[in-house]
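Biologist: I would like to learn how to read the features of a protein model, step by step. Could we take them one at a time, with the general idea before each case?

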Amino acid sequence: MADTRDRAHLGTLFAAEEARFVAEHPRSRELFEKAQAHMLDGVPMNWMTRWSSPYPPFVDEAHGASFTCVDGHRYIDFCLGDTGAMTGHSPAATVAAAQAQLACGITTMLPTEDSLWVAGELSRRFGLQYWQVALTATDANRFALRLARHVTKRPMILVYNYSYHGSVDETLITINDGVPGPKPGNAGPSVDPTITTKVIEWNDLDALARALEPGDVACVLAEPALTNIGIVLPDEGYHEGLRRITRDTGTLLIIDETHTICAGPGGCTQAWGLHPDMITLGKPIGSGVPSAVYGFGRSLADLIHTDWDYRAADECGIGGTLAGNALSVAAMRATLGEVLTEAAFAHMIPLAERWADGVQGVIDEFELPWVVKRLGCRAEYWPRPVPPRNGGEAAAAEDERLDRYLHLFMLNRGILMTPFHNMALMAPQTTAEDVDRHTVLFREAAASLGL
Ligand SMILES: Cc1ncc(COP(=O)(O)O)c(C=O)c1O
């Protein structure tokens, strides 16, 4: 089997890619240098320091499944704003709806008629009756966790090792050398997360049963498949076990479909016939106009009502002044009605299959000890000979230097992959030519490793 860990060779290759990026992006560099004056590290949001290039390409325009940078290069975009633009950039239907709404009131803290359609459509897709709106998936998760603790009167929550659900304090926990503790890098945690949260490995039903047995956990917050430490799919029967154990212990089950909406119009919940108590979803639901939702069923709504102080509704820790504003609700209506449709998924999912087949062909040709994983219209490769079964296994296989080299190699040749791991997402406007271009370049990159 080929050894991909020749560090010296990789270092030389990476340095050459860095030099090429700098030579081809003088305008971005100029902006980045000026930006140091008033933005920490020269970027408006700290994640933007995580690109593989010495500084990020500054964007000029983004349309459909591509964008151009201020240096005049065009990129096929498989990152799509890390799912925020899974709809493609500025889809016409959302732009029209948002423009119309922009001209007649952005936020009034009153409902608009669009919200009825959005909630009804979410109910049709995901099977839960009641829906509420937030601005980000982080907030949707925070609000869902609060409601779960409110109705169960239990103090703790449970998440999976190396899951990610946004910058929600309680969820930033991992198992470090066998011991639960703050996720490495967790900045300024309000409390030690082991006080609020239990953390277990994905696909381990015995660990789940043990953690929920004392009856102190309000809810399990889970993606239906992990997506933030690469894709880690559930074992056959895992979801049935998860649902049975949560029900047996009176624990609520919250499914976060923010990334797994890639599986189809109703996410994995619809595709796999799941029955969660709550669902959260954000990112692409407004085509990138900040919007998110959380939903729950009738019985949970009744429980919320039995112990709800309406006089404190504005200060109960749930909601926000701009949540449910007319602009985001109009964007969601257009996105659900005209962009992330059955027809769009029928185009996007086969493209992800094509992408994965192309990558698999290269892995086979060079006998790379890597796997390709796919969920709906999302696919990626991972430097491990067999798919990981949980977050711990996936994290142990991460190879940051290899990952960064492959990312920058693609960027320099006009393809933007999702950073943190080389993940590709298909938009309704992605073409077979875009996918095949990736396959050709992936082969070149594999060949460059000299294996
Ligand atoms: C599964 C999942 N849930 C929630 C979030 C939080 O989304 P946001 O950063 O838009 O609040 C993320 C972000 O990556 C995510 O991957």
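Modeller: Let us begin with exposure, remembering that this is a predicted model. A residue counts as buried under 20% relative accessible area and as exposed over 50%, with partly exposed in between. E33, at 47% relative accessibility, therefore counts as partly exposed.

Biologist: Which residue forms a salt bridge with E33, and how far apart are the closest N and O atoms?

Modeller: The general idea is that side chains of opposite charge can pair when their charged atoms come close. Here the partner of E33 is R29, and the closest N and O atoms of the two are 3.0 Å apart. Both residues belong to helix α2 (residues 26–35), where they are four residues apart, about one turn of the helix. R29 has a relative accessible area of 36%, so this residue is partly exposed.

Biologist: What does the salt bridge between R149 and E170 tie together?

Modeller: In this pair the closest N and O atoms are 2.9 Å apart. R149 lies in helix α5, whereas E170 lies in the loop between β5 (156–160) and β6 (173–176), so the salt bridge ties together parts that are 21 residues apart in sequence. E170 has a relative accessible area of 15%, which means that this residue is buried.

Biologist: And where do R374 and E353 lie?

Modeller: R374 and E353 form a salt bridge whose closest N and O atoms are 3.6 Å apart. R374 is in strand β13 (residues 371–375) and E353 is in helix α12 (residues 342–366), so this pair, too, ties together parts that are 21 residues apart in sequence. R374 is partly exposed at 29% relative accessibility, and E353 is also partly exposed, at 35%. Salt bridges can share partners as well, and in that way E17, R413 and E444 are joined into one network. The structure holds 23 salt bridges.

Biologist: Now to the ligand: which residues come nearest to it?

Modeller: A useful way to read a ligand site is to ask who surrounds the ligand, and then which polar atoms face each other. There are 13 residues around the ligand, of which T138, N228, D256, H259 and K283 come nearest. An N or O atom in the side chain of T138 is 2.6 Å from an oxygen atom of the ligand. For N228, a polar side-chain atom lies 2.9 Å from a ligand oxygen, and for H259 the distance from a side-chain N or O atom to an oxygen of the ligand is 3.2 Å. The protein covers 88% of the 390 Å² of accessible area that the ligand has on its own.

Biologist: How many residues of each class make up that shell?

Modeller: The shell has two nonpolar, eight polar and three charged residues. Helix α5 (residues 137–152) supplies the largest share of the shell, with three residues.

Biologist: What contacts does the side chain of T258 make?

Modeller: T258 sits in the loop between β10 (252–256) and α9 (267–272), and with a relative accessible area of 5% this residue is buried. The side chain of T258 makes a polar contact of 2.7 Å with the side chain of D256, and D256 is one of the residues that come nearest to the ligand. A polar atom of the T258 side chain also lies 3.3 Å from the backbone nitrogen of G282.

Biologist: How should I read backbone angles, and what is phi of K153?

Modeller: Most residues other than glycine have a negative phi. K153, however, has a positive phi, near 60°. K153 lies in the loop between α5 and β5, and at 55% relative accessibility this residue counts as exposed. S287 is not a glycine either, yet its phi is positive at about 55°. S287 lies in the loop between β11 (278–281) and β12 (292–296), and with a relative accessible area of 11% this residue is buried.

Biologist: Finally, how many helices and strands does the chain have?

Modeller: The chain has 15 helices and 16 strands. Its radius of gyration is 22 Å, close to the 22 Å that the globule rule gives for 451 residues, so the chain is as compact as a globular protein of that length. Of those 451 residues, 54% count as buried.

Conventions:
Residues are numbered from 1 along each chain as its sequence is written. This is a predicted model: local features need pLDDT of at least 70, side-chain atom pairs count only at pLDDT 80 or more; totals for chains, interfaces and linings use all residues. Side-chain values use heavy atoms; hydrogens and water are left out. A residue is near a molecule or strand if one of its heavy atoms lies within 4 Å of it. A polar contact is a pair of N or O atoms within 3.5 Å; within protein, one must be able to donate a hydrogen and the other to accept it, and residues adjacent in sequence count only if both atoms are side-chain atoms. Accessible areas come from the Shrake-Rupley method with a 1.4 Å probe; for residues, only the protein chains shown count as cover. Helices (H or I, at least four residues) and strands (E, at least two) are DSSP runs, numbered from the N terminus. Ala, Val, Leu, Ile, Met, Phe, Trp, Tyr, Cys and Pro count as nonpolar, Asp, Glu, Lys and Arg as charged, and the others, Gly among them, as polar. A salt bridge is a side-chain nitrogen of Lys or Arg within 4 Å of a carboxyl oxygen of Asp or Glu. Buried means under 20% relative accessible area, exposed over 50%, partly exposed in between (1.4 Å probe, protein chains only). The radius of gyration is taken over C-alpha atoms; the globule rule is 2.2 Å times the number of residues to the power 0.38.
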